Amino acid sequence: MENKVICNCMHVTYSDVENALHSMTKFEDVEQEFNEVQSITHCSTGCGGCHDKIIDTISEIMSK
């Protein structure tokens, strides 16, 4: 997967989200994981326009 920027405001990339997810011991649900990724990367705390892209990325990574 290309390491594209997902959150422009906070410059969070696909790899940043993936690394944040892999720091967790288990996956619960997408919305809970979003909250954890957000606390680690600060994604979707600027304009919020990337929220759906972050959720989609988390879902994709969780399904690997």
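1. How many disulfides does the count come to? The count comes to zero. The model is a predicted one, and the points below should be read with that in mind.

2. The cysteines behind that count are worth a look. Cys9 takes part in no disulfide, and the nearest cysteine sulfur to its own belongs to Cys47, at 3.8 Å. The same holds from the other side: Cys47 is in no disulfide, with the sulfur of Cys9 as its nearest cysteine sulfur, 3.8 Å away. A disulfide requires the two sulfur atoms to be within 2.5 Å, so the Cys9 and Cys47 sulfurs, 3.8 Å apart, do not qualify.

3. As to solvent exposure, Cys9 counts as partly exposed because its relative accessibility is 41%. Cys47 has a relative accessible area of 64% and is therefore exposed.

4. Thr13 lies in strand 2, which covers residues 12-13. With a relative accessibility of 13%, Thr13 counts as buried; the cut-off for buried is under 20%. Setting aside neighbours within four places in sequence, the contacts of Thr13 are Asn3, Lys4, Val5 and Ile6.

5. Glu18 belongs to helix 1, residues 14-22. Apart from its neighbours within four places in sequence, Glu18 is in contact with Ile61 and Lys64. A distance for reference: the C-alpha atoms of Glu18 and Ser44 are separated by 15 Å, the two residues being 26 residues apart along the chain.

Notes
Residues numbered from 1 in each chain as written. Predicted model: local features only at pLDDT ≥ 70, side-chain atom pairs only at ≥ 80, totals over all residues. Heavy atoms only, no water. Helix = DSSP H or I, 4+ residues; strand = E, 2+ residues; numbered from the N terminus. Buried < 20%, exposed > 50% of the residue type's maximum accessible area, 1.4 Å probe, protein only. Contact = heavy atoms within 4.5 Å.
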